[in-house]
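Let's take a walk through this model. Have the viewer open and follow along as we go from pocket to helix to core.

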Amino acid sequence: MIAIMNIKLYQIDAFTSKIFSGNPAAVCQLDKWLPDKILQNIAKENNLSETAFFIKENDSFSIRWFTPKTEVKLCGHATLAAGFVIFNELSYNRNEIKFISKSGTLLVSKEEDFIVLDFPVQPPVSCAAPKLLIEGLGEKPIEVLKSEDYIAVFEREDDILSIDPNFDLLKKLPLRGVSITAKAKDSDFVSRFFAPKVGVDEDPVTGSAHCELTPYWANIIKKNELYARQLSERGGEIICKLLDDRVILKGRAVKFMEGEIFLPI
């Protein structure tokens with residue numbers, strides 16, 4: 001008879017206050033780390049932009065994130081989702097969670113109905129626009145920068161909405177993904193994020209990209225607290241604050257689903 005391991009699974013819509021919007025993330029609590037191949041297969045089976053896995057270790061949690069294709073070093077919306085699960089589903093009685101990750105220590109706290117992420121800043125630097133980037137976007141940006149991802153800056157919010165990217169070209173770029181961004185009408189800035197290289201053509205709401213976008217727009221707009229919208233089909237909202245070498249990202253979340261994974265062992 002085959003032994004079965006039961007793993008609790010939550011699906012959380014992050015950076016939104018209502019289901020069917022924001023960015024859906026799967027969250028799994030583990031007793032111990034499973035082989036990477038199993039974690040990757042679970043993420044592939046979930047078929048969401050990210051699955052977060054965490055384990056409790058003394059007074060902190062270790063966290064890892066997988067797209068359907070690969071492990072990533074940092075993910076904002078799945079960290080927010082994991083924080084939501086720990087605070088609301090696991091009866092965690094402290095106001096701050098310490099996550100240990102491949103991007104260092106990440107602090108997650110509660111502020112009224114917001115989950116607050118304390119992440120390392122990833123300041124972008126100006127660079128020449130790669131030919132593949134321009135061809136992949138089908139439009140020439142007014143400025144290009146790079147950090148973990150490329151940032152392509154456009155003049156208007158309408159430019160961001162109208163871009164129809166060629167994902168086959170964008171996946172050939174050397175960095176993780178591409179943010180396109182512009183000043184906005186009803187917020188400080190808007191963006192969209194494409195990461196076909198890691199198996200996510202367009203991410204609905206990308207917390208980690210705002211670790212790069214926040215320092216850029218804080219310098220342009222000359223203020224350190226910004227209201228951002230991501231203009232994917234699902235849409236989402238992030239309040240961003242620049243604090244020296246950290247970025248504070250605030251967002252809401254809502255539980256869509258919970259269940260169990262039945263894993264043969």
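**Starting at the pocket**

Strand β16 supplies four residues to the lining of the largest pocket, which is the largest share from any element. Keep in mind that what you're looking at is a predicted model. The space in that pocket comes to about 230 Å³. It has 19 lining residues, and those closest to the centre are F15, T16, S17, G236 and E237. Besides β16 (236-243), the elements giving two or more residues to the lining are β15 (225-230) and β17.

Stay with β17 for a moment, since K250 sits in that strand, which spans residues 246-251. Is K250 buried or exposed? Its relative accessibility is 15%, and the cut-off for buried is under 20%, so this lysine counts as buried. Which side chain does K250 meet in a polar contact? The partner is E111, with 2.7 Å between the two. Setting aside neighbours within four places in sequence, the contacts of K250 also take in F15, F114, I115, V116, E237, I238 and I239. Two of these should ring a bell: F15 and E237 were among the residues closest to the pocket's centre.

Now swing over to helix α1, residues 36-46, where the buried residues are L39, Q40, I42 and A43. These four cover an arc of only 160° around the axis, so they sit on the same side of α1. If you want the geometry behind that, an α-helix has 3.6 residues a turn, so residues three or four places apart point the same way. Turn to the face pointing away from the buried side and you'll find the exposed residues K37, K44 and E45. What covers the buried residues? The cover includes the strands β1 (4-14), β3 (51-57), β4 (60-66), β5 (71-72) and β18 (253-264). Just after α1 comes N47, with a positive phi near 60°.

On to the nonpolar interior. The largest nonpolar core has 54 residues, and within it W65 and F99 touch the most other members. Helix α2, residues 76-88, gives the most to this core, with eight residues. Click on F99 and, beyond its neighbours within four places in sequence, its contacts include F54, F61, I63, T79, A82, G83 and I86. Others on that list are G104, T105, L106 and V108. There is also a second, separate core of 16 residues, with Y150, A152, I160 and L173 among them. As background, nonpolar side chains tend to be buried together in soluble globular proteins.

Conventions: Residues numbered from 1 in each chain as written. Predicted model: local features only at pLDDT ≥ 70, side-chain atom pairs only at ≥ 80, totals over all residues. Heavy atoms only, no water. Buried < 20%, exposed > 50% of the residue type's maximum accessible area, 1.4 Å probe, protein only. Arc of directions from axis to C-beta. Contact = heavy atoms within 4.5 Å. Core = buried A, V, L, I, M, F, W, Y, C linked by side-chain atoms within 4.5 Å. Polar contact = N/O pair within 3.5 Å; in protein donor to acceptor, adjacent residues only side chain to side chain. 1 Å grid on protein atoms, 1.4 Å probe; cavity = no way out; pocket = protein on both sides within 12 Å on 5 of 7 lines; lining within 4 Å. Points joined across faces, edges and corners; volume = space filled by probe spheres on them.
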